[in-house]
Amino acid sequence: MPDVAVIGGGIVGLAIADEVLRVHPDLDVEVHEKESSLAQHASGRNSGVLHAGFYYSPDSMKARLTRVGNKLLREFCAERGIPVRDTGKVVVTRSHDELPRLHDLHQRGMANGVELELVDEQQLAELEPLARTSGLALWSPSTGSADPVAVVEQLAARVRERGGRVLLGSSVVGAGPGWIATERDGRTSVGRVVNAAGLHADTVARWFGVGEEYRMLPFKGLYWYGSWPAGRLRRHVYPVPDPRNPFLGVHLTVAANGRAKIGPTAIPAMSREAYSGLHGLSAREAWDVARTLPRFLTSPHHDARALVASEVPKYVHSRLVGEAAQLVPSVRPADFRVKGRAGIRAQLFDTSANRLEMDFVVREGPGSLHVLNAVSPGWTTALSMAREVVASWLP
Ligand SMILES: Cc1cc2nc3c(=O)[nH]c(=O)nc-3n(C[C@H](O)[C@H](O)[C@H](O)COP(=O)(O)OP(=O)(O)OC[C@H]3O[C@@H](n4cnc5c(N)ncnc54)[C@H](O)[C@@H]3O)c2cc1C
């Protein structure tokens, strides 16, 4: 009987399995991943940005975990020979009206202990000649990029090297205190269960009576790759975000291989794995989204109408590229034509507070631990989150 069964072989589940084995090498740990290969969902479909940690409210888990997570992920990449591109990142203003929010972001970063600098237009031109700002910009030297798929594969390799099992094609169809049931092998006894099921984490949590106030409101992100030579854009270039919404606005990032891309968008998806066309659409999930969306749209806690009004037009390629051109004027629609792999965020809506959940949620249940709302920067924070949750749950 395994001591710990992890549901979900994304970066969060693998990081927790890895940490349990590091601290307790004698435990028998297995990870169940329903797909036949790794990195099929958010952990392999994200921007690959190692965030610095300056966006988040200082009292949040996101703030606490990002700076350390960035450091641990860099160390992991160095250990496993995965290149990290030290791009740094600039946050630019599209007009002087955005300067107060840029200052707020700077203050927030300082409160979170993140290395940050306000720079003028001339300094910005030295850091990233292609970017434009109105007066001031924010410079974050510790933001970077790495290949998210390589990170997940190497983390799975380390779990196996530490004696754990990563079981692919192992879909968990039910679980409770002391047991799990997989489609392939039926019901088996286990010691404890970790729920790291990403887009399905709310469903798994409900099996244990945990997080019943949450409903999944998936948001899809589309990317467009540029035809520019690798390295032409040197830094990630982001706009000043709207603090009332959890997404960062359309931005340009530099992938680990040096290619520039625009995205991701943040458009409500009707199903959790509906990456393209009708593939992945589920009537039950679409019904859940349809009954949650009106509550989100009328929530006083977000500017949801503005979010939808700004995001939906981004389905039109020229509009999306047009927005990116406000940050980097040399961007042209004809240069950004190659679609990247779309990703879907496991965003939860809290029906008791009537708002999108802005932070990670980690809860203990009977014989179980649940990681909910593992949205961005959950890839950067996977290793620091694993350290923190294992230290308190399985000291
Ligand atoms: C578009 C986009 C861009 C992002 N950009 C960034 C970024 O630049 N930097 C950053 O730090 N973060 C980013 N994120 C966030 C980051 O990708 C996630 O926080 C992180 O990948 C979450 O990892 P996870 O393991 O929880 O989820 P997942 O990667 O979704 O893993 C969960 C796994 O559980 C499996 N599973 C589900 N149900 C079951 C079941 N019943 N049985 C067995 N297996 C199951 C799934 O198949 C899946 O593989 C981004 C996310 C998106 C969507």
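Helices here are DSSP runs of H or I with at least four residues, strands are E runs of at least two, and both are numbered from the N terminus. With that settled, here are my notes on this predicted model.

1. Starting with the loop that holds Pro377: this residue sits between strand S25 (368-372) and helix H10 (382-393). The peptide bond from Ser376 to Pro377 is cis, with omega about 10°. The same loop between S25 and H10 also holds Asn373, which has a positive phi of about 55° despite not being a glycine. Is Asn373 buried or exposed? Asn373 counts as buried, because 25 other C-beta atoms lie within 10 Å and the cut-off for buried is 20 or more.

2. There are two more backbone spots I'd look at. Gly263 and Pro264 are joined by a cis peptide bond with omega near -5°, and Pro264 belongs to the loop between strand S18 (260-262) and S19. Asn354 is another non-glycine with a positive phi, about 60°, and its loop runs between strand S22 (348-350) and strand S23 (355-356). Asn354 is partly exposed, since it has 14 C-beta neighbours inside 10 Å. As background, most residues other than glycine have a negative phi, and most peptide bonds are trans.

3. On to the overall layout. The domain assignment splits the chain into domain 1 (4-44 + 149-212 + 359-393), domain 2 (89-141) and domain 3 (219-345). Note that domain 1 is put together from three stretches of the chain. Taken over C-alpha atoms, the centres of domain 1 and domain 2 are 37 Å apart.

4. Now the ligand. Which residues come nearest to the ligand? Out of 40 residues around it, those are Gly8, Gly10, Gly198, Gly343 and Gly378. Helix H1 (11-23), strand S2 (29-33) and strand S21 (343-345) are the elements giving two or more residues to this shell. By type, the shell has 15 nonpolar, 20 polar and 5 charged residues. Domain 1 and domain 3 each supply at least three residues to the shell.

5. Gly343 ties the ligand shell to a sheet: besides being one of the residues that come nearest to the ligand, Gly343 in S21 stands opposite Gly221. The pairing behind this is antiparallel, with 3 bridges between strand S14 (residues 219-221) and S21. The sheet is an open one of 3 strands in the order S19-S14-S21, again with antiparallel pairing. S19 and S21 are the edge strands, each pairing on one side only.

6. Helix H8 (residues 304-311) is worth turning around on screen. Its buried residues are Ala304, Leu307 and Glu311. They end up on the same side of H8 because they cover an arc of only 60° around the axis. Arg305, Ala306 and Ala309 are exposed on the other side. What do the buried residues of H8 pack against? Their partners are strand S19 (267-268) and helix H7 (283-297), and S19 is one of the edge strands from the previous point.

7. Strand S10 (residues 179-182) pairs with a strand on each side of it in sequence, so let me take the partners in turn. Strand S9 (residues 172-176) runs antiparallel to S10 over 4 bridges. Within that pairing, Gly176 stands opposite Trp179 and Val172 has Thr182 as its bridge partner. The S9-S10 hairpin has 2 residues between the strands, and Gly178 in the turn has a positive phi of about 85°.

8. The other partner of S10 is strand S11 (residues 186-189), also antiparallel and joined by 4 bridges. This hairpin goes through 3 residues, and Thr182 is bridged to Gly186 in S11. Which residues of S10 are on the covered face? Ile180 and Thr182 are, while Trp179 and Ala181 make up the uncovered face. That fits the general rule that side chains in a regular strand alternate between the two faces of the sheet.

9. Last, Val91 in strand S4 (residues 89-92). Val91 is buried, as 32 other C-beta atoms lie within 10 Å. Leaving out residues up to four places away in sequence, Val91 touches Leu102, Leu105, Ala137, Leu138, Tyr238 and Val240. Trp139 is 48 residues away in sequence from Val91, yet their C-alpha atoms are 6.7 Å apart.

Terms used
Residues are numbered from 1 along each chain as its sequence is written. This is a predicted model: local features need pLDDT of at least 70, side-chain atom pairs count only at pLDDT 80 or more; totals for chains, interfaces and linings use all residues. Domain bounds come from an automatic or database domain assignment. A residue is near a molecule or strand if its C-beta atom, placed from the backbone, lies within 6 Å of it. Ala, Val, Leu, Ile, Met, Phe, Trp, Tyr, Cys and Pro count as nonpolar, Asp, Glu, Lys and Arg as charged, and the others, Gly among them, as polar. A residue is buried if 20 or more other C-beta atoms lie within 10 Å of its own, exposed if 12 or fewer, and partly exposed in between; C-beta atoms are placed from the backbone. The arc is that of the directions from the helix axis to the C-beta atoms. Two residues are in contact if their C-beta atoms, placed from the backbone, lie within 7 Å. Two strands pair if DSSP finds at least two bridges between them.
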